[in-house]
Amino acid sequence: MSTRYALLVAIIAALGATSAAAAHASPAAIAWLAAAAAAAVAVAAGAAARALRAPDDLREPRHARGPSQPEPLPADAVSRGVFGRMWAYAAGAFVVLAAVPFVALARRPAPRGTAWSAGARVVDTFGRALRADDIAVGGVATVFPEHNVGAPESATLLIRLQDDALRTRPDRVGWAPHGNVAYSKICTHAGCPVAIYRHESYQLYCPCHQSVFDVLDAARPISGPATRALPQLALDVDAHGYLVARGDYGEPVGPDDWWRTV
Amino acid sequence: MMVRRIARFFDDRFGSDAAIRYFAAKIYPDHWSFYLGEFALYAFIILVATGVWLSFVYDDSQARAFASVVALSRDAPIGYLIRQIHHWSAVTFVAAILIHMARIFFTAAFRKPRELNWLVGLTLLILASLTGFTGYSLPNDVLSGVGVRIADSVVLSVPFVGAWAASIFTGGGFPGPLLLSHLYTLHVYYLPVAIGALLAAHIGMLTYQKHTQFARDPKHVVGRRFWPDYALRTLAAFAATVAAILALAGTWEINPIERLGEYRDYLSPNPATPDWYAAFLDGGLRLGPAFAPTIAGHPIPAIFWPGVVLPAVVLALVAGWPWIDARIVRDGHAHDVLVPPSAAPWRVGAGVGLIVAGFVLTLAASDDIQSRTLHISVTALVTFYRWALVIVPLGAGFLAAELARDVRTRTIHRNAETESVVALRRNARGGFDEETPRKTA
């Protein structure tokens with residue numbers, strides 16, 4: 001009896017959910033009416049099962065398991081020696097052959113350069129070219145080469161420091177005109193954007209796995225799982241006072257792999 | 001009656017009556033915990049049903065994927081609801097598989113002759129997680145996009161073959177021209193077809209070998225007839241799964257990509273945490289050492305250890321468990337009768353230890369949020385979690401084993417008091433058979 005009532009509730013709720021959807025009701029209302037319909041079916045089935053008063057200790061024999069003792073095969077069907085080791089080697093040869101298309105598909109990926117090139121103006125994410133004084137000391141901007149905003153792997157952080165704050169490495173003299181230092185924004189650990197700059201401690205912080213890089217010391221990793229510094233982009237100032245790149249990054253940006261010898 | 005007429009129709013054409021009668025009369029052992037795997041199966045059915053609908057509106061091109069998912073949610077409440085149901089079903093699917101697997105583990109249902117089905121089940125868990133991850137990535141929103149980028153970095157880190165594999169998958173570089181298209185093909189074709197095939201194998205093996213049971217009668221299956229008794233019960237389980245998922249979908253918004261925005265490789269969500277079932281992997285990446293050795297000039301990136309080696313070791317351990325377990329108990333015999341978890345305290349300890357280790361790694365995946373709310377530095381939290389990853393699972397494992405031992409002792413004493421002891425009877429082959437004396441009451 002209760003099964004019938006429950007099924008009646010299910011029918012009403014299901015039709016209710018249908019009309020709610022037809023009347024563009026809120027998703028929550030449709031979902032709850034449909035859930036009520038399904039719950040009523042569950043109650044109906046449960047009540048029907050209970051009403052059976054069926055026994056729960058019926059027994060059925062289990063299968064016998066090996067080791068089996070099969071009837072001996074007729075002499076002409078004895079397979080001993082038919083499938084020798086040579087067959088396995090032949091099968092192996094075909095597996096090697098089948099691998100050919102996949103190996104052909106796999107090409108050693110070319111070293112991925114970025115969109116930066118010598119003389120490319122530094123623009124912000126709106127495409128506006130930046131002069132050496134456009135970022136205030138302590139400030140930061142995500143920058144791209146001109147006409148290439150959003151180009152993959154090219155995202156770069158432009159950070160403005162006090163003129164003499166940077167501990168410039170001998171091979172990087174003049175890369176940061178007027179305290180404008182630029183590092184790749186793609187983390188060398190797992191490729192996340194190194195999105196957070198803590199200007200009071202001169203640290204770049206990756207929100208994915210919390211690697212921390214020292215902005216004053218060539219973006220060397222000082223904490224977290226990253227092991228390689230963020231590559232630095234060499235900057236210059238052109239005749240019109242705009243920041244430009246001196247060329248592409250001198251080393252691969254982003255996470256390492258076996259073939260990217262650094 | 002309708003069922004009878006349908007059976008008659010097929011019998012007239014295929015002579016199927018004997019088979020139908022056989023399956024209708026088949027006995028299924030009954031216990032609440034035997035429905036956990038069914039919840040997973042039913043969640044998968046809902047996933048396929050809602051997924052087919054979603055495939056009508058999704059656009060897998062890099063340029064329009066995000067917009068197509070936003071439009072689907074914006075244009076009609078039903079589109080929004082179906083995406084909600086789909087995502088909640090995915091969460092339920094993975095969760096039900098994990099809990100089902102824990103039940104199998106603690107009651108030792110993986111023992112001979114069911115080792116193969118344990119492996120099939122483990123493969124299903126991996127495929128379910130991969131399907132979840134690929135599906136979660138399809139909207140191309142900034143949170144999932146960062147997740148795919150991390151996955152790409154993990155693949156890249158594999159020595160020798162990693163870069164090749166990654167370039168085949170993405171079409172070269174990141175995001176790569178083929179990335180979304182490949183994720184989509186995996187998500188709607190290869191992975192679900194593989195899951196369907198393995199589910200068939202899983203249930204086929206279960207049906208053929210017959211279900212395990214708690215009743216101590218090793219020679220018989222003890223339980224309920226399939227038709228109509230068990231059929232009604234499993235129908236109730238199906239309807240309950242649907243009801244629960246609909247209620248979740250109507251109550252809690254899941255993955256509101258509209259508020260996150262589209263993926264750009266220079267934009268980052270903060271905090272950046274993955275879906276819960278992938279969080280333990282992310283926790284591993286956060287705790288992993290900054291150790292990147294170089295072999296003949298070729299780097300092995302630090303992400304390789306927690307990203308590839310750790311999951312591989314855990315998987316190998318779990319996959320090999322039926323054989324490891326048989327070694328430990330020196331028992332190579334087949335078993336159809338389950339044991340209560342307390343019967344093997346060391347197994348309880350091992351299982352609880354592994355689960356707790358997963359929890360520690362999952363917690364570590366939100367160390368940045370904890371750092372902000374608790375005002376503790378991330379470095380201190382990483383040190384804490386590294387120690388916790390060793391100490392807490394060991395402690396929890398020993399504690400759980402000790403509790404199980406206590407339960408076992410009490411059970412033995414209680415059974416001794418109430419005469420429902422197990423009798424051992426010498427059989428003709430010289431071995432012992434267990435017998436439960438029938439209760440007189």
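**An exposed tryptophan, an antiparallel sheet and some buried salt bridges**

At 58% relative accessibility, Trp387(B) sits above the 50% cut-off and therefore counts as exposed. This residue belongs to helix H15 of chain B, which covers residues 378-417. Trp387(B) also helps build a nonpolar surface patch of about 660 Å², together with Val390(B), Ile391(B), Val392(B), Leu394(B) and Phe398(B). As with everything that follows, this comes from a predicted model.

Chain B as a whole has 15 helices and 6 strands. Its C-alpha trace spans about 75 × 60 × 45 Å along the principal axes. Of its 441 residues, 47% count as buried. The chain exposes about 22,200 Å², with carbon and sulfur atoms supplying 69% of that area. Taking the contacts in chain B with a separation of 6 or more, 76% come from residues 24 or more positions apart.

Over in chain A, 5 strands make up an open sheet, in the order E2-E3-E4-E5-E10, with antiparallel pairing. Strands E2 (122-124) and E10 (232-233) of chain A stand at the edges with a single partner strand each, so one side of each has no neighbour in the sheet. Going through the pairs, E3(A) and E4(A) are joined by 4 bridges and run antiparallel. E4(A) and E5(A) pair in the antiparallel sense too, over 5 bridges, and Arg160(A) stands opposite Asn180(A) in E5(A). Strand E5 of chain A (residues 180-184) is then linked to E10(A) by 2 bridges, again antiparallel. Here Tyr183(A) faces Gln232(A) of E10(A).

Strand E4 of chain A (residues 156-160) is mostly covered, with 5 of its 5 residues buried. Thr156(A), Leu158(A) and Arg160(A) point one way from the strand, while Leu157(A) and Ile159(A) point the other way; all are buried.

Two threonines give a closer look at this part of chain A. Thr156(A), in strand E4 of chain A, has a relative accessible area of 0% and is therefore buried. The Thr156(A) side chain makes a polar contact with the side chain of Trp116(A) at 3.1 Å. A polar atom of that same Thr156(A) side chain also lies 2.9 Å from the backbone oxygen of Ser154(A). Setting aside residues up to four places away in sequence, Thr156(A) touches a list of residues including Trp116(A), Thr142(A), Tyr183(A), Lys185(A), Leu233(A) and Tyr249(A).

Thr142(A) sits in strand E3 of chain A, residues 140-145. In E4(A), its bridge partner is Leu157(A). With a relative accessible area of 16%, Thr142(A) falls under the 20% cut-off and so is buried as well. The side chain of Thr142(A) makes a polar contact of 2.9 Å with the side chain of Lys185(A). Beyond its neighbours within four places in sequence, Thr142(A) is in contact with Val123(A), Asp124(A), Thr125(A), Thr156(A), Leu157(A) and Lys185(A), and with Tyr266(B) from the other chain.

Salt bridges come to 33 over all chains. One of them brings together the side chains of Asp217(A) and Arg169(A), at 3.3 Å from N to O. This pair links distant parts of the chain, 48 residues apart: Asp217(A) is in the loop between strands E8 (212-214) and E9 (220-223) of chain A, and Arg169(A) is in the loop between E4 and E5. Asp217(A) is buried at 13% relative accessible area, whereas Arg169(A), at 33%, counts as partly exposed.

A second salt bridge in chain A joins the side chains of Asp256(A) and Arg228(A), at 3.1 Å from N to O. Asp256(A) lies in the segment after strand E12 (243-245) and Arg228(A) in the loop between E9 and E10, so to speak 28 residues apart along chain A. Both Asp256(A) and Arg228(A) are buried.

In chain B, the side chains of Arg286(B) and Asp368(B) meet in a salt bridge of 3.0 Å, N to O. Helix H11 of chain B (residues 276-287) supplies Arg286(B) and helix H14 of chain B (residues 367-374) supplies Asp368(B), with the two positions 82 residues apart in the count. Arg286(B) is buried at 2% relative accessibility, and Asp368(B) is buried at 2% as well. Back in chain A, salt bridges with shared partners tie Arg167(A), Arg169(A), Asp214(A), Asp217(A) and Arg220(A) into one network.

Conventions. Residues are numbered from 1 along each chain as its sequence is written. Chains are lettered from A and ligands numbered from 1 in the order in which they are written. This is a predicted model: local features need pLDDT of at least 70, side-chain atom pairs count only at pLDDT 80 or more; totals for chains, interfaces and linings use all residues. Side-chain values use heavy atoms; hydrogens and water are left out. Buried means under 20% relative accessible area, exposed over 50%, partly exposed in between (1.4 Å probe, protein chains only). A polar contact is a pair of N or O atoms within 3.5 Å; within protein, one must be able to donate a hydrogen and the other to accept it, and residues adjacent in sequence count only if both atoms are side-chain atoms. Contact means heavy atoms within 4.5 Å. Patches are made of residues with over 30% relative accessible area and no salt bridge: like charges are joined within 9 Å, nonpolar side chains (Val, Leu, Ile, Met, Phe, Trp, Tyr) within 5 Å. Accessible areas come from the Shrake-Rupley method with a 1.4 Å probe; for residues, only the protein chains shown count as cover. A salt bridge is a side-chain nitrogen of Lys or Arg within 4 Å of a carboxyl oxygen of Asp or Glu. Two strands pair if DSSP finds at least two bridges between them.
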